[in-house]
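Biologist: Got a minute to go through this one with me? I'd like to talk pockets, then the core.

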Amino acid sequence: MIPPILYQSTHLLIIDKPAGLACHAGPRGGSSVEDFFPQWRRGHDGPWLAHRLDADTAGCLAIARRKTTLIALQKAFAAHAVRKIYWAVVQGVPKASEGTIAVPLRKQTDPTGWRMVGGPGGQPAVTDWRVIAAAQGRAVLELSPRTGRTHQLRVHCAGMGHPIIGDPVYGKAGRGLCLLARRLVLPLDPVVTAVAAVPDHLRAALSGVDFDRLEPG
């Protein structure tokens, strides 16, 4: 099924990527966002992913339909001018209502695979967070990454003692990773904003919260 389109123009698409759909086709095959590129193409080449989400992360994903738009967005991401707001359902409730995590991240590989770890020697990684809801021993965090490292939000949440529900690498496997790229604001002319729907597995992970009453960031 084609992913829902949150914003569409001749130059840009923002889709609501479902959890479980990879951005790129992997070595083992399987569906990916790139499978839909032929029907989104507007010229002789493209479109192109302006950024990426983990396969298990749902939500806003920008796709450039023109090379000029791709270049503009690449510059905006590199300059940290793009506003990205994520929602995560985490285990436990932080004692503070908000904070900032600044823990460098590096890739660690062993015979069983790879993962990102925090500590000296890694690339700088900074995440602002705040609690926007809590119930049943779990919390909904609004996460605002200042950097875009691989698995950054997953490692930072686990490092603060509140792993994201359903995270099989940094927490405990479940019925889906409860991480949503909720809001994306692109500094184009005019500014483009998109807000993704809250998927069912996030709602099920914290049934005591009315997600529809929460502000999208």
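Modeller: Sure. Keep in mind that this is a predicted model. Let's begin with the second largest pocket, which has a volume of about 350 Å³.

Biologist: OK, and which residues line the second largest pocket?

Modeller: Ala-22, Cys-23 and His-24, then the run Arg-52, Leu-53, Asp-54, Ala-55 and Asp-56, plus His-151 and Arg-154.

Biologist: How does that lining split by class?

Modeller: Four residues are nonpolar, four are charged and two are polar.

Biologist: And the largest pocket, how much space lies in there?

Modeller: About 670 Å³. It has 24 lining residues, and Arg-52, Lys-84, Tyr-86, Gly-148 and Arg-149 are the closest to its centre. Arg-52 also lines the second largest pocket.

Biologist: Which helices or strands supply at least two residues each to the largest pocket's lining?

Modeller: Helix H2 (67–78), strand E5 and helix H3 (152–159). By class, the lining has nine nonpolar, nine polar and six charged residues.

Biologist: Switching to the core. How many residues are in the largest nonpolar one?

Modeller: 58, and those with the most contacts inside it are Ile-14, Val-33, Val-89, Leu-143, Leu-186 and Phe-211. Strand E5 (residues 83–91) gives the most to this core, six residues.

Biologist: Is there another core apart from that one, and which residues are in it?

Modeller: Another core of five residues lies apart from it, with Leu-105, Met-116, Ala-125 and Val-155 among them.

Biologist: Back to Ile-14: what does it touch, leaving out residues up to four places away in sequence?

Modeller: Pro-4, Ile-5, Leu-6 and Tyr-7, then Cys-60, Leu-61 and Ala-62, and also Leu-184, Leu-186, Val-192 and Ala-194.

Definitions and conventions:
Residues numbered from 1 in each chain as written. Predicted model: local features only at pLDDT ≥ 70, side-chain atom pairs only at ≥ 80, totals over all residues. Heavy atoms only, no water. Core = buried A, V, L, I, M, F, W, Y, C linked by side-chain atoms within 4.5 Å. Buried < 20%, exposed > 50% of the residue type's maximum accessible area, 1.4 Å probe, protein only. Helix = DSSP H or I, 4+ residues; strand = E, 2+ residues; numbered from the N terminus. Contact = heavy atoms within 4.5 Å. 1 Å grid on protein atoms, 1.4 Å probe; cavity = no way out; pocket = protein on both sides within 12 Å on 5 of 7 lines; lining within 4 Å. Points joined across faces, edges and corners; volume = space filled by probe spheres on them. Nonpolar A, V, L, I, M, F, W, Y, C, P; charged D, E, K, R; others polar.
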